[in-house]
Amino acid sequence: MRKNFGAKPLSYPQPVLILAAYDEAGVPDCMNAAWGGISEEDEITMCIADNHKTTANILARKAFTVSMATADTVAACDYVGIVSANQVPDKFARAGFHAMKSDFVDAPLIAELPIALECRLRSYDPESCRMVGEIVNVCADEAVLDENGRVDIRKAQPITFDPFNMVYIAPGEVVGKAFGEGKKLK
């Protein structure tokens, strides 16, 4: 037996992504966006409405960063999702975030969020709210790297959004090797 929830945007996992851009005066701004993901080798697609200040900033600058929210920044990351920069222009600073200039795009990196995609705006459709960015670089703070220079998820502590229960979840344990576990069934 299954329970039907209807046609709703419910799936696992939903990454908690923080989009950041500079405004016309060079002030950093950011927002929380759960509806997004990799859509091509060099592309990320987000669903964000055109009434967000961050959307306007991205459209004006043609660049943005996408950082992964973390367990230790959950309050700040939730805050930038529930407060609008249209009403609170300094919400980036109020969240306790510090901007670092990207070397690749005209957008801020958030010092407190260790993993980021640096993107150029590829397209935006205000009717569907679909924003597509070209990933020009992915960067990670050395503090979240293992001894081989790869990102260690236990150090990075990215969180996901659970839309069924309206909570944030930290990923659990490793349960298998990608592109390996299925070989057992060949």
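Here a trainee and a mentor talk through a predicted model, its cores, one helix and one sheet.

Trainee: Which strand gives the most to the largest nonpolar core?
Mentor: Happy to start there! That core has 18 residues, and L19, I44, M46, I48, I58, V66 and M131 have the most contacts inside it. Strands β2, β3, β5, β6, β9 and β10 each supply at least two of its residues. With four residues, the strand that gives the most is β9.

Trainee: How many residues does the second, separate core have?
Mentor: Good follow-up. Its members include A20, V80, F92 and I159. The number of residues in this second core is 16.

Trainee: Within what arc do the buried residues of α1 fall?
Mentor: Helix α1 covers residues 53-61, and T54, T55, N57 and I58 are buried there. Seen down the helix axis, these residues line one face of α1, because they fall within an arc of 160°.

Trainee: What covers the buried residues of α1?
Mentor: Let's look at I58 before the whole helix. Leaving aside neighbours within four places in sequence, I58 is in contact with L19, A21, I48, A63, F64, L121 and M131. For the buried residues of α1 together, the cover includes β2, β3, β6, β9 and β10.

Trainee: Which residue in β11 stands opposite Q14?
Mentor: Picture the open sheet of three strands, in the order β1-β11-β12 with antiparallel pairing. Its edge strands are β1 (14-15) and β12 (167-169), each pairing on one side only. β1 pairs with β11 (residues 160-162) over two bridges. Opposite Q14 stands F161.

Technical notes: Residues are numbered from 1 along each chain as its sequence is written. This is a predicted model: local features need pLDDT of at least 70, side-chain atom pairs count only at pLDDT 80 or more; totals for chains, interfaces and linings use all residues. Side-chain values use heavy atoms; hydrogens and water are left out. A nonpolar core is a set of buried Ala, Val, Leu, Ile, Met, Phe, Trp, Tyr and Cys residues joined through side-chain atoms within 4.5 Å. Buried means under 20% relative accessible area, exposed over 50%, partly exposed in between (1.4 Å probe, protein chains only). Contact means heavy atoms within 4.5 Å. Two strands pair if DSSP finds at least two bridges between them. The arc is that of the directions from the helix axis to the C-beta atoms.
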